[in-house]
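Biologist: Got a minute to walk me through this one? I'd like to know how the strands fit together and what sits inside.

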Amino acid sequence: MNRLTTACVAALVLYALAMRPAAQTVYPTGTTIYDPDKSWNGFTVLSPLGTQAVLVIDMNGAVVKRWDGFNNSAGGPARVLPGGIVMSASGARPPHQESLELTRRDFDGKELWKFSRSEWQHADPHAYRSYAAEGG
């Protein structure tokens with residue numbers, strides 16, 4: 001009987017521990033804990049799907065730079081290059097997901113370069129056959 005009592009008490013203790021509230025595991029959007037002494041300082045580049053903008057946020061979650069006029073539904077995330085130049089997909093073709101062009105802009109938003117070609121690009125079939133023959 002002593003063994004049964006011990007097992008019941010242990011089961012009740014484990015049940016009570018399992019029912020207590022746990023620490024929060026899902027946090028709201030944004031920076032939740034930023035301790036400058038324990039983390040690297042920096043910026044994060046975002047391409048949110050709900051906007052046509054590229055955002056740069058600091059470690060506190062504040063927007064420090066915003067470029068408008070990009071298509072964030074396709075083409076991958078935006079890249080910020082040295083000198084504050086941003087490169088991302090732009091131009092939409094609804095209802096298709098792909099974008100129409102790749103654009104590079106300076107820090108002020110002025111367009112520096114654009115690749116816009118909506119024609120098919122065909123690979124050389126002979127080059128593919130030689131690559132496949134080599135075991136590629």
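**Strands and what they bury**

Modeller: Sure, and keep in mind that this is a predicted model. Let's start with a pairing: strand β2, residues 53-57, runs antiparallel to β3, and the two are joined over five bridges.

Biologist: Which residue in β3 does Leu-55 stand opposite?

Modeller: Strands of a sheet pair through backbone hydrogen bonds, parallel or antiparallel. Here β2 and β3 take the antiparallel sense. Across from Leu-55, in β3, you find Arg-66.

Biologist: What is the strand order of the open sheet with three strands?

Modeller: Its pairing is antiparallel. The edge strands, each pairing on one side only, are β1 (44-46) and β3 (63-68). On average, neighbouring strands in this sheet are turned by 15° against each other, ignoring direction. Reading across, the order is β1-β2-β3.

Biologist: Now the later strands: how many bridges join β6 to β7?

Modeller: On one side, β6 (residues 99-105) pairs antiparallel with β5 (residues 85-92) over six bridges, with Met-87 opposite Arg-104. β6 also runs antiparallel to β7, residues 111-116, and there Thr-103 has Lys-114 as its bridge partner. The number of bridges joining β6 to β7 is five.

Biologist: Which residue takes a positive phi in the hairpin of β6 and β7?

Modeller: That hairpin has five residues between its strands. The phi in question is near 95°, and it belongs to Gly-109.

Biologist: Is Glu-101 buried or exposed?

Modeller: Glu-101 is found in strand β6. Its contacts beyond four places in sequence include Ser-88, Lys-114 and Phe-115. The cut-off for buried is under 20% relative accessible area. Glu-101 has 19% relative accessibility, so it counts as buried.

Biologist: And what is the relative accessible area of Ser-88?

Modeller: Ser-88 is in strand β5. Leaving out residues up to four places away, Ser-88 touches Val-54, Phe-70 and Ala-78, among others, as well as Glu-101. Ser-88 is buried, with a relative accessible area of 3%.

Biologist: Which residues make up the largest nonpolar core?

Modeller: In soluble globular proteins, nonpolar side chains tend to be buried together. One member here is Val-56, whose contacts more than four places away in sequence include Phe-43, Val-45, Trp-67 and Val-80. The core has six residues: Val-54, Val-56, Trp-67, Phe-70, Ala-78 and Val-86.

Technical notes. Residues are numbered from 1 along each chain as its sequence is written. This is a predicted model: local features need pLDDT of at least 70, side-chain atom pairs count only at pLDDT 80 or more; totals for chains, interfaces and linings use all residues. Side-chain values use heavy atoms; hydrogens and water are left out. Two strands pair if DSSP finds at least two bridges between them. Helices (H or I, at least four residues) and strands (E, at least two) are DSSP runs, numbered from the N terminus. Axes are lines fitted to C-alpha atoms, for helices over the stretch in contact, and angles run from 0 to 180 degrees between N-to-C directions. A nonpolar core is a set of buried Ala, Val, Leu, Ile, Met, Phe, Trp, Tyr and Cys residues joined through side-chain atoms within 4.5 Å. Buried means under 20% relative accessible area, exposed over 50%, partly exposed in between (1.4 Å probe, protein chains only). Contact means heavy atoms within 4.5 Å.
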